[in-house]
Protein chains: 2
Amino acid sequence: MTLDERKKKILESVIKDYVETAEPVGSRAIVKKHNLRISAATVRNEMADLEDMGYLQQPHTSAGRIPSESGFRYYVDCMMERENLVDDEVQLLQKIIKENLQDWDEVIQSIGNFLAQVTRYTSFVIVPTVRVDEFKYVQLVRMGKGKAMVILVTDTGVLMHRRISIPESVEQKDLQSINEVFNRIFAGKKFAEVRKTDLQYLRDELHKSKRIIDTILEAIDRLAESAGEDKVVISGILNMLNEPEFKNLDKLKKILAILEEETLLKNLLPEPSCDEVEITIGRENRLDEAKEMSIVLAGYKIFGEVGRVGVIGPVRMEYWKAAGTVDSVRTAIDEVLKKHF
Amino acid sequence: MTLDERKKKILESVIKDYVETAEPVGSRAIVKKHNLRISAATVRNEMADLEDMGYLQQPHTSAGRIPSESGFRYYVDCMMERENLVDDEVQLLQKIIKENLQDWDEVIQSIGNFLAQVTRYTSFVIVPTVRVDEFKYVQLVRMGKGKAMVILVTDTGVLMHRRISIPESVEQKDLQSINEVFNRIFAGKKFAEVRKTDLQYLRDELHKSKRIIDTILEAIDRLAESAGEDKVVISGILNMLNEPEFKNLDKLKKILAILEEETLLKNLLPEPSCDEVEITIGRENRLDEAKEMSIVLAGYKIFGEVGRVGVIGPVRMEYWKAAGTVDSVRTAIDEVLKKHF
DNA sequence: TGTTAGCACTCTTCCCAGTTGAGTGCTAAT
DNA sequence: ATTAGCACTCAACTGGGAAGAGTGCTAACA
């Protein structure tokens with residue numbers, strides 16, 4: 001269904017005004033503010049049409065109109081122009097990323113903060129745990145009597161560690177020799193292969209008790225498994241409170257529940273594509289708890305997995321700004337990844 | 001100032017009822033509920049006395065009484081009996097800790113969750129970064145052309161890493177030899193000493209370019225410095241929303257602002273003692289934003305530093321339960337630390 | 001035929017006054 | 001010292017206008 005220019009103009013006006021004020025928009029207000037060359041009565045007729053089409057709705061007879069979710073959807077799909085970051089913002093983003101480059105966690109955190117700050121919504125960045133696929137390096141470090149640490153580095157540069165108990169008699173140099181053998185045998189192998197490797201051979205070569213080798217292998221195994229948890233960073237929860245729709249505590253609770261429970265959030269988010277910004281409006285969301293909020297989401301590639309970044313806010317959202325910002329941020333993340341990994 | 005038994009009983013009744021209902025407590029209600037053998041009129045007289053002493057206050061003339069902050073303070077200091085964890089809860093706590101033992105971060109997170117769940121307030125656990133003092137082990141791992149990772153292990157078992165750039169010609173075996181020299185020279189030394197060590201000697205021994213050694217040393221330096229950030233884990237923010245005092249969005253904002261900004265929270269918390277539970281009530285708090293909330297806090301020792309654990313909630317708090325729980329949790333943390341480090 | 005002015009109508013919001021009810025403080029009796 | 005009784009206070013609720021924003025409809029107009 002396509003709208004004529006005037007209807008579009010009116011729909012846009014209603015959306016812009018409503019997003020700004022959170023109040024129903026009247027015909028007079030539209031004519032005045034956007035100084036259209038038509039009368040309020042004409043606007044009223046057009047608005048009645050738009051209401052019939054489902055793009056606008058009236059909270060009650062004597063109120064102005066507000067955009068329906070389909071209205072927002074139409075606007076987003078057919079009319080919206082993304083509002084990209086202004087120069088200052090781009091520079092700020094670059095600066096933030098540069099300052100934290102040495103630590104990936106910091107980069108993520110600061111990008112999240114940036115996104116929340118610029119959009120004034122709540123931002124999230126989800127970093128998939130890069131599948132622990134290939135063994136790069138293992139290091140055993142003795143940490144005092146009877147304790148040691150297994151440090152594992154994967155080819156993707158992920159660092160993992162786990163404490164283990166070892167017989168008290170074992171010294172660092174014993175560990176070092178086990179270490180060397182492990183690295184020789186396993187370097188570059190897939191983890192799956194490590195698990196299948198013939199351990200007898202290993203034990204023979206090391207002349208060590210089954211016990212300690214098993215402990216180490218178990219630790220490695222666990223580390224490889226445990227890598228399943230994605231990292232979720234959320235910023236700007238406070239911004240939610242500024243939205244009048246969340247004056248209602250029940251709504252607020254639902255949202256905070258989602259934000260507090262990482263799995264809920266991950267379930268809620270749609271699969272992102274890696275070159276389009278995905279917008280989900282109100283009832284389009286899977287979760288009942290999220291039927292009153294919208295999500296603007298982009299995906300980014302990281303070591304073959306897909307990461308997600310975006311903002312979450314009320315249906316009455318500045319989609320144009322949010323989409324532009326999320327897109328810019330995604331690009332920035334892509335660049336960091338490309339340059340540094 | 002000490003109160004006679006009857007006044008104490010009445011103060012306690014007001015506190016218990018008020019904490020439960022969040023409503024002012026009337027004289028009749030007290031007599032009924034706690035079936036005292038005195039009349040409502042007597043209670044009224046006593047309550048008037050308690051008000052003169054500053055322990056109770058009236059929202060308005062025709063309302064019941066609510067405890068003032070001094071009232072809570074008196075109760076906490078002179079009358080309160082801590083309500084410790086019941087068996088089920090203790091077992092749950094033990095189980096939670098055991099399940100996550102291999103990963104200190106997980107332990108902290110789950111202890112925080114437990115604390116929030118049991119008290120129904122918002123919990124925090126602050127883990128001071130153990131001062132990076134002594135060098136335990138360093139490992140250089142080549143991560144593809146021109147890139148490497150410096151992995152540092154301190155004697156306290158903290159693992160840190162940082163990416164560096166290296167000349168493309170450098171291979172893993174070159175790194176390995178640098179590695180060995182570094183470990184030989186530095187093992188067991190304080191970081192401060194590492195910085196002062198005569199580098200010329202190092203370069204001579206390694207026959208390597210100044211460049212790569214400097215890069216590595218710089219990385220180590222940065223790691224040693226950067227360790228200054230405490231880890232803060234907050235759970236159960238959602239619980240705040242159930243407290244009627246935070247229906248008021250402005251109050252809620254103030255609190256969330258504190259909880260969202262780690263430095264704010266750290267400034268707010270008083271220095272904990274390591275064997276007493278510290279209770280801060282309302283206006284006793286340093287920060288203006290926190291004048292309407294109370295904090296129950298305990299300290300624990302970790303590698304010579306002091307960590308903090310506790311809950312934060314409305315002034316109308318179940319101090320007895322909170323103090324008991326926080327204390328138990330502190331003990332549990334102490335035990336984990338003692339047993340495993 | 002599309003547009004517009006005019007007007008009656010609707011519905012929320014705000015304000016005001018009156019009512020209710022919980023709870024007090026005081027007084028006088030026990 | 002304690003208590004019953006009672007007048008008093010004040011928040012919270014209730015209902016009835018009045019105000020105001022905005023609509024839909026009709027009739028006139030270009």
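Which element of chain A has the lowest mean pLDDT, and which has the highest? I begin there since what we have on the screen is a predicted model, and the answer is that helix α9 of chain A, residues 199-206, has the lowest mean pLDDT among the elements of that chain, at 67, while strand β2 of chain A, residues 66-67, has the highest, at 98. For chain A as a whole the mean pLDDT is 88, and 93% of its residues reach 70 or more.

Let me turn to the DNA, and to strand C to begin with. There are 22 residues around DNA strand C, and those that come nearest are R6(A), T42(A), T61(A) and S62(A), together with S27(B) from the other chain. If we ask what part of the strand meets the protein, 77% of the atoms of DNA strand C within 4 Å of the protein belong to sugar or phosphate, and the rest belong to bases.

Some individual contacts fill in that picture. The side chain of R6(A) places an N or O atom 2.7 Å from a phosphate oxygen of DNA strand C, and the side chain of T61(A) has an N or O atom 3.3 Å from a phosphate oxygen of that strand. With S62(A) the partner is a base, since an N or O atom of the S62(A) side chain is 3.0 Å from a base oxygen of DNA strand C. The elements that give two or more residues to this surface are α3 of chain A, residues 40-53, and α3 of chain B, residues 40-52, with α3(A) supplying the largest share, 4 residues. By residue class, the surface near DNA strand C divides into 5 nonpolar, 12 polar and 5 charged residues.

Now to the other strand. DNA strand D is surrounded by 22 residues, of which the closest are S27(A), R6(B), T42(B), T61(B) and S62(B). Of the atoms of DNA strand D within 4 Å of the protein, 78% belong to sugar or phosphate, with the rest in bases.

On this strand I would point to three contacts. A polar backbone atom of S39(B) is 3.0 Å from a phosphate oxygen of DNA strand D, and an N or O atom in the side chain of T42(B) is 2.3 Å from a phosphate oxygen of DNA strand D. The side chain of R44(B), by contrast, has an N or O atom 3.4 Å from a base oxygen of DNA strand D. Here α3 of chain A and α3 of chain B each supply at least two residues of the surface, and α3(B) gives the most, with 4 residues. The surface near DNA strand D is made up of 5 nonpolar, 12 polar and 5 charged residues.

Leaving the DNA, which residues lie nearest the centre of the second largest pocket? They are K147(A), R163(A), I164(A), S165(A) and, from chain B, H340(B), out of 21 residues that line the pocket. About 430 Å³ of space lies in this pocket, and its lining divides into 7 nonpolar, 7 polar and 7 charged residues. In chain A, strands β5 (147-154) and β6 (159-165) and helix α10 (210-226) each supply at least two residues of the lining.

Next, some details of the backbone. R120(A) is a residue other than glycine with a positive phi, near 65°, and it lies in the loop between α6 (104-119) and β3 (122-127) of chain A. R120(A) counts as exposed because its relative accessibility is 52%, and the cut-off for exposed is over 50%. F303(A) also has a positive phi, near 50°, and is found in the loop between β9 (293-302) and β10 (305-314) of chain A; at a relative accessible area of 37%, F303(A) is partly exposed.

F303(A) also leads us to T129(A), since the two are 174 residues apart in sequence and yet 9.5 Å apart in space, C-alpha to C-alpha. T129(A) sits in the loop between β3 and β4 (135-142) of chain A, and with 23% relative accessibility T129(A) counts as partly exposed.

Finally, is S294(B) buried or exposed? S294(B), in strand β9 of chain B, residues 293-302, is buried, with a relative accessible area of 0%. Its side chain reaches the backbone nitrogen of G282(B) at 3.4 Å, and a polar contact of 2.6 Å joins the side chains of S294(B) and Y319(B).

Definitions and conventions
Residues are numbered from 1 along each chain as its sequence is written. Chains are lettered from A and ligands numbered from 1 in the order in which they are written. This is a predicted model: local features need pLDDT of at least 70, side-chain atom pairs count only at pLDDT 80 or more; totals for chains, interfaces and linings use all residues. Side-chain values use heavy atoms; hydrogens and water are left out. A residue is near a molecule or strand if one of its heavy atoms lies within 4 Å of it. A polar contact is a pair of N or O atoms within 3.5 Å; within protein, one must be able to donate a hydrogen and the other to accept it, and residues adjacent in sequence count only if both atoms are side-chain atoms. Ala, Val, Leu, Ile, Met, Phe, Trp, Tyr, Cys and Pro count as nonpolar, Asp, Glu, Lys and Arg as charged, and the others, Gly among them, as polar. On a 1 Å grid over the protein atoms alone, a cavity is a set of points where a 1.4 Å probe fits but cannot get out, and a pocket is an open set with protein on both sides within 12 Å along at least five of seven lines; lining residues have an atom within 4 Å of a point. Grid points are joined across faces, edges and corners, and a volume is the space filled by probe spheres set on the points. Buried means under 20% relative accessible area, exposed over 50%, partly exposed in between (1.4 Å probe, protein chains only). pLDDT is the predictor's confidence in each residue, from 0 to 100.
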